[in-house]
Amino acid sequence: MAVDTTFLPILTQSDVERAAQLIQQAYTPPTTSTSPEDLKRLQNELFELQKRPEAWGLVIPLLEYPDQNVQFYGAHTAQVKIARDWEAFPAEHTLQLRDLMVQLAAHSMSIGRSKFILRKLFVSLTTLALKLVPGHPTRWPEWIMACVMAFSGAGAPAQYIHDFLAIVAEEAGNADLIGPSKLQIRQSLQDAVPMVVQAVRTSLEISQHIPSALKCLQAWMSIIPSSDIIPLVPLLISLLNQSDNELFDAAADAIQEIMTKSALSDGSGSRTLTEPLLIWIDSRGSNIVDATLQSNHVDEISRSFCKLLAALGDHSAAYLAANLASSTPVVPSAPPPGATPLPTKTRGELIQTFLRLLLAYTGLPGYYGEDEEESELTLAFWYLFQEALWSTDYYIEEGDASESSNIDGSEEVQAMAKLVYIELVKVLRRKVAFPGKGSGWSKDQVEKFQVYYVLRHDMLGYLVDDAIQRISSRQEQDGWQEIEATLHCITSIQEAIDMENTPHLPRIFGSEVLGRLPSAGANRIRKTTLSLIGTYSSWFASQPNNPPGLLMSVLTYVASALTDPLLCLQAAIALRNLCDANRKALAPEIGAFGQLHAALGSIPKSKVVQSIASVIQALPALDEIEPISAIVNPIVGKLAEALQSSSSLPDESRTIIINQLETLSGVAKGLTRSTDGLVILGERDSESQTQLEAMERARDDPRTVNLRRYISETLDAVVRLWSTDAGISTALSELFKSITCLPGDTTLISLSAGPLLGLVCLAAQRQLTAAWLSLAAILIAQLNPPPLLLSSGACVKTGPTPEAVSIVGTALPMLLEYSLNAMSPPGAMEANPDIVQEFFVCLDRERSMR
């Protein structure tokens, strides 16, 4: 190599040999004579060696060493020194280093060094370019072209030049640069685009080094303008006709990159990209899919084809929707000499073939995650295609006949779209069915299988009919998995259903479906049914004309699962959703809820009591007293009993205390109404005012006064004994948040924020945590009433009461003392940033009271 190396440090042969031995010892697998600790020591020694200025002198000797591991370390040293120690390198030798690195890379390419060594040299060159290209004047003009010319002059194979160009795009394109430096590097990449495109095109046309050329193209995809990409599309599509798996995969990947990362990724290029692909899919795709279905095996070409279909669908969803029934012909390009011309087909025909093939992959035989992995790749398209159908000018919603006569083909588009999605729902309903007993699936396989989500409105009728038909034809020995799959689909489409106007839901929750489902055993279908009920819980409130007893029969089904340990959580969630959405309708049945509560026994029931409390909240205030007392007194009683046994049975007491605090939180949440926090002065309706006055009278009742006192005294004891326990402090914090409220949301058991703030100060004194400071800030805000909103739109701030100011004035000095004591030791603030943050939030809340 005729290049100046006199600027590099000169090392003795013994120094080079010592470095090579270190490399060989450090990067060989551990043996009986070298432990992992020895290897770590050797690697640290190499790291320290690399940091020395003399390490520049190791680059060439190590690259010329016979061992490839040593050669790689030589290239790695060059990259590390350029990236990490550039400021220490003599500026007067930068151009000599530039020429040396180019010649080292060219020589290594020409003699065929291993690719992992070449890659490290290419990264080193790019790192050097990031140092030399920015600036005026640049110290490396047209650096990419200069490197390629040097490589070609040294006889480097084209595939290595492709690899170099790919690494340039990856490394330089993602470099962490700013301002003018970033712009100069970006411009240097853009200046090289014609050369890159020509290099790729030449390889494709002469059918040499195609895989490396396509990888290079993919790396440059976001840089190349669309005008240079479009001429490559026919060449890439022609590669899809190859029987070679590697070429097919590489071409399919490159086309997918065009549709996802190039200038055409926004859905443009319908004439130059979408339609040519549709023509090829129409002519060759059926053969691939038919072979897949016949062999019941998705090979490499089939999987790549599936990914290509999905990518085209995502890219061209709007085009596919707009032309679903189009009669516009698409003329294929002229075939190669001797090839049979392809027939001319319409856009609609090509799109329908595309949808048929994609649907075949969606409905591949077998179970996803067990028998096949490809069906999931197609699911996102069906959602995008549906959205495109809704937004296109050619798609008219059901029942919207306005202007439909003025849109050519709109009725045909609607009919075609419905046929596609009806077939899709049939396929998905089959695919979501779990295997029968004895499948032996692991938990990971079951979770992987849960990927299916189905689509849209009038499919509900098909699914309900399907469920009824399967239930009617089910034999005693049959499993429930097919019916469970249908119910799962019905659950999934809830967001798209017009809840007020669908005629199908009464059939689901009536005797045709729910009345014929098992209420014992068969846990999977019962769990899915409970999820279905919880998902559609708000529907019952929108249907005042439902058959009498329909809601209670659904509640009975849910209640039957509460005592089953495998179903109780799902049942409790369904019950909570039902009760929260149907409070007024269920209030007359409060007696049945009392029986339900009594029957639950020792089963964890915070969500259940929240559900019952939400129904009680719909009763007149005075009528709430008896059922609330019946629920709350036993909870507080168990808390008191657990406190008494805390010293003798601490672990059992702790568990009971946490459970009862969570249950009491559930009661408080169920009783609380939601408000926006603003009171409109002079515009509160008479009914609301009457309810507030009735609640005040009920709160003054001796029974509720004694109940709140009982709660307060017990919570005081819990804080004094257990507030330093993390689990109990979390449960206390949640309860304090739930049992305090704004003035308009007061319940029978709501506690004043003032006494609770005193308990928080007590807990903070025993052990300061961010949770206690956060809770203090919330309680201070509760003591500062929200503004009154006048009918004119102006807000009137009334300010806190003198009593509230006094309470905060007493609490704040204590919180300040405890916080400052905790944060004063050296390093305490750095170690507890959450406490510091909540401390200032608390101060800010106090300041807002002034």
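**Briefing: helix H2, its surroundings and the chain as a whole**

In H2, the buried residues are Leu-39, Leu-42, Leu-46, Leu-49 and Gln-50. Seen down the axis of H2, these buried residues fall within an arc of 100°, so they line one face of the helix. The model is a predicted one, and the points below take up this helix, a residue of helix H1, two cysteines and the totals for the chain.

**Helix H2**

- Helix H2 covers residues 36–51, which makes 16 residues, and its span from the first C-alpha to the last is 23 Å, close to the 22 Å expected at 1.5 Å a residue.
- An α-helix has 3.6 residues a turn, so residues three or four places apart point the same way.
- The buried residues of H2 pack against two other helices, namely H1 (13–26) and H4 (68–84).
- On the other side of H2, Glu-37 and Lys-40 are exposed.

**Ile-23 in helix H1**

- Ile-23 lies in helix H1 and has a relative accessibility of 1%, which means that Ile-23 counts as buried, the cut-off being under 20%.
- Leaving aside residues up to four places away in sequence, Ile-23 touches Leu-46, Leu-62, Asn-69, Val-70 and Tyr-73; among them, Leu-46 is one of the buried residues of H2.
- Ile-23 and Val-70 are 47 residues apart in sequence, whereas their C-alpha atoms are 6.3 Å apart in space.

**Cysteines**

- A disulfide is a covalent bond between the sulfur atoms of two cysteines.
- With a pair of cysteine sulfur atoms required to lie within 2.5 Å, the count for this model comes to 0 disulfides.
- Cys-306 has a relative accessibility of 0% and therefore counts as buried.
- Cys-489 is likewise buried, because its relative accessible area is 0%.

**The chain as a whole**

- The chain has 850 residues, of which 48% count as buried, and its secondary structure comprises 41 helices and 5 strands.
- Among the contacts in the chain with a separation of 6 or more, 73% are accounted for by residues 24 or more positions apart; the pair Ile-23 and Val-70, with their positions 47 residues apart in sequence, offers one instance of such a separation.
- The accessible surface of the chain comes to about 40,100 Å², and 52% of this surface belongs to carbon and sulfur atoms.

Notes:
Residues numbered from 1 in each chain as written. Predicted model: local features only at pLDDT ≥ 70, side-chain atom pairs only at ≥ 80, totals over all residues. Heavy atoms only, no water. Buried < 20%, exposed > 50% of the residue type's maximum accessible area, 1.4 Å probe, protein only. Helix = DSSP H or I, 4+ residues; strand = E, 2+ residues; numbered from the N terminus. Expected span 1.5 Å × (residues − 1). Arc of directions from axis to C-beta. Contact = heavy atoms within 4.5 Å. Areas by Shrake-Rupley, 256 points an atom, 1.4 Å probe, with all protein chains shown as cover.
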